[in-house]
Amino acid sequence: MTSRLKKITSLWITTVLLLFVISIILGITMRFNQAEVIRLSPITFYTDMTVHGLTMIGIWFVAGMAAVNFIMERYVKTSKFVNILALVLTVVGVLMFWASTFIGKFHAGWTFLYPLPFKVMWSAWATPLFLYSLAVLAVGWLIWCISLIAAMLKKYSITQVFAWQYFKKGPKEETPPFILISMITLVGIVTCLITAIVLVVLLFAEYYSKGTFVNDALLMKNLTYFFGHAIANEMLYLGLAVIYEMFAEISGRPKWKTTWYVSLAWNCTLFFILTAFFHHLYMDFVQPEGLQILGQLASYLASLPAAGVTVFSIVVAVYRTKINWTLANLLFFIGVMGWVVGGLGAVIDATISNNFVLHNTLWVPAHFHTYNAMGNVLFSLGFFYWFSVNFSNSRHSEKLSALKLFLLIVGGIGFLAAFYIGGADSIPRRYSNYPAEFVHAKTLALIGGVFASIYLIGILIFFVNITRRCVKILFSQSA
Ligand code: HEM
């Protein structure tokens with residue numbers, strides 16, 4: 001492992017954690033505003049919501065990519081130049097996006113659903129700047145993904161990289177699960193990033209045509225959710241690729257191997273994750289009915305096989321065996337549980353008859369915060385912790401481990417429970433202030449905000465410890 005790659009990875013980790021702390025503070029501010037403990041103008045609330053949502057998606061995507069890039073170097077040679085380019089374009093893209101929101105007051109939500117970007121209730125320049133920021137991010141990430149795919153294809157054939165040889169008896173070559181899952185995920189990400197670029201081009205076409213070109217709203221919604229749903233899910237799979245590689249190694253167990261059912265499950269996931277987004281359009285009654293049914297079926301088929309084999313692999317790894325538990329594999333283990341619980345919440349919502357009740361209620365942030373704040377974040381934190389301890393040569397103590405986990409788990413569960421109960425009580429999402437008819441909404445927002453603050457304290461301890469070690473790696477001569 002080259003010292004340059006370790007330094008770039010340290011920079012990614014520090015950047016992600018810093019942006020994470022800021023984004024959590026925005027999230028807590030939103031909850032306290034909904035509780036009417038503080039008072040934000042609706043414009044500030046929706047600006048914060050837009051910044052929070054898109055920054056969170058962006059950072060946990062790049063966190064997974066940085067970890068995958070680091071581990072991939074064990075198998076193939078990756079480009080350090082492209083890794084740094086992606087980092088620079090991410091920072092530039094985020095700064096442009098923050099300027100459009102914090103200064104320009106653009107606040108169309110992280111999904112910027114058409115035609116909202118053109119209903120200008122902010123500085124006129126903020127819409128094009130926001131779109132340019134998306135273009136910078138999408139192009140930087142696309143180059144990064146293609147470069148990693150190319151690196152894998154230099155060593156593995158198409159059959160090997162997708163592990164198709166396992167469908168025949170007695171496969172001759174091995175495909176490490178890490179390579180299989182990374183490939184499946186990166187292909188999905190490339191597809192959704194290209195869609196994001198098409199979306200931005202169509203939005204620009206309308207913007208610069210001054211009314212002579214108008215987009216089709218249903219097409220734009222399909223493109224938006226194809227991109228948004230796919231990226232939000234694929235970034236979890238980046239974390240899973242890391243777990244398939246690291247869980248056994250950190251636990252002192254034999255390395256996990258690809259089998260026919262692991263290969264089948266992940267190959268299914270590639271297709272179904274890209275078609276599950278139709279569940280976002282159940283309430284768009286002009287959408288052809290067949291696509292709605294496909295949306296429900298794909299929602300089940302995208303989540304169940306991958307979750308099934310991952311949970312099976314983890315259970316087999318830990319059941320009645322002596323495990324070398326450290327903070328890293330504990331975070332992976334708890335993260336997988338969070339991912340499964342959030343996934344169940346998602347499947348419940350993706351069932352058409354339930355969606356009539358749960359659509360756009362707090363059930364939606366409930367489930368996606370579960371697999372993010374208590375799933376994907378823990379996957380990456382596990383990697384960050386392992387990386388920083390292993391390469392900083394610093395003496396570390398596990399003294400605060402129990403406290404950190406306690407704060408994350410208690411804070412996380414309380415924060416999420418307030419969302420789930422709100423969803424079950426039909427409280428709508430994305431309200432800056434709740435009307436009096438929603439009698440429990442304010443109290444739940446207060447409870448959510450308090451527990452989220454407990455979660456934040458846990459994250460702050462991680463932030464201080466991990467960044468201190470990463471800064472050491474960054475400035476060391478022999479990292
Ligand atoms: C403790 C940490 C967090 C807090 C306090 C928090 C809080 C919030 C709140 C209050 C909302 C608005 C909910 C509504 O009324 O619709 C929200 C939305 C959102 N959050 Fe979080 N969140 C946290 C962590 C995360 C994480 C880890 C992610 C990772 C992806 C994330 C992604 C999002 C997204 C995508 C939205 C939707 C924004 C939109 O509707 O445009 N959040 N969050």
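This is a short chat about a predicted model of a protein with a ligand.

Reader: Start with the basics. How many helices and strands does the protein have?
Author: The protein has 14 helices and zero strands. Read from the N terminus, the elements run α-α-α-α-α-α-α-α-α-α-α-α-α-α.

Reader: What is the radius of gyration, and what does the globule rule give?
Author: The radius of gyration is 22 Å, and the globule rule gives 23 Å for 479 residues. Those values are close, so the protein is as compact as a globular protein of that length.

Reader: And what box do the C-alpha atoms fill?
Author: Roughly 55 × 50 × 45 Å, taken along the principal axes.

Reader: On to the ligand. Which residues come nearest?
Author: There are 26 residues around the ligand. Gln34, His52, Trp110, His369 and Arg430 come nearest.

Reader: I want polar atoms. What does His369 offer the ligand?
Author: A polar side-chain atom of His369 sits 2.8 Å from a nitrogen atom of the ligand.

Reader: Which residues have a polar atom by a ligand oxygen?
Author: Gln34 is one of them, with a polar side-chain atom 3.1 Å from an oxygen atom of the ligand. Trp110 uses a polar backbone atom, and the distance to a ligand oxygen atom is 3.0 Å.

Reader: Which elements give two or more residues to that shell?
Author: Those are helix H1 (3–34), helix H2 (42–72), helix H12 (363–391), helix H13 (401–424) and helix H14 (441–475).

Reader: Where does the largest share of the shell come from?
Author: From H1, with seven residues.

Reader: How does the shell split by class?
Author: It has 16 nonpolar, seven polar and three charged residues.

Reader: Switching to helix packing. What are the angle and axis distance for H10 and H13?
Author: Helix H10 (residues 327–349) packs with H13 at an angle of about 10°. Their axes are 12 Å apart. That makes H10 roughly parallel to H13.

Reader: Which residues meet there?
Author: H10 brings Leu327, Leu330, Leu331, Ile334, Val341 and Gly342. H13 brings Ser401, Lys404, Leu405, Leu408, Ile409 and Tyr420. By class, the contact has nine nonpolar, two polar and one charged residues.

Reader: Now backbone oddities. Where is the cis peptide bond?
Author: It runs from Tyr114 to Pro115, with omega near 5°. Pro115 is in the loop between helix H3 (80–103) and helix H4 (126–155).

Reader: Which residue has a positive phi although it is not a glycine?
Author: Phe112, with phi of about 35°. Phe112 also lies in the loop between H3 and H4.

Note on methods
Residues numbered from 1 in each chain as written. Predicted model: local features only at pLDDT ≥ 70, side-chain atom pairs only at ≥ 80, totals over all residues. Heavy atoms only, no water. Near = heavy atom within 4 Å. Polar contact = N/O pair within 3.5 Å; in protein donor to acceptor, adjacent residues only side chain to side chain. Helix = DSSP H or I, 4+ residues; strand = E, 2+ residues; numbered from the N terminus. Nonpolar A, V, L, I, M, F, W, Y, C, P; charged D, E, K, R; others polar. Axes fitted to C-alpha atoms, helices over the stretch in contact; angles between N-to-C directions. Parallel < 35°, antiparallel > 145°, perpendicular 65-115°, else oblique. Contact = heavy atoms within 4.5 Å. Rg over C-alpha atoms; globule rule 2.2 N^0.38 Å.
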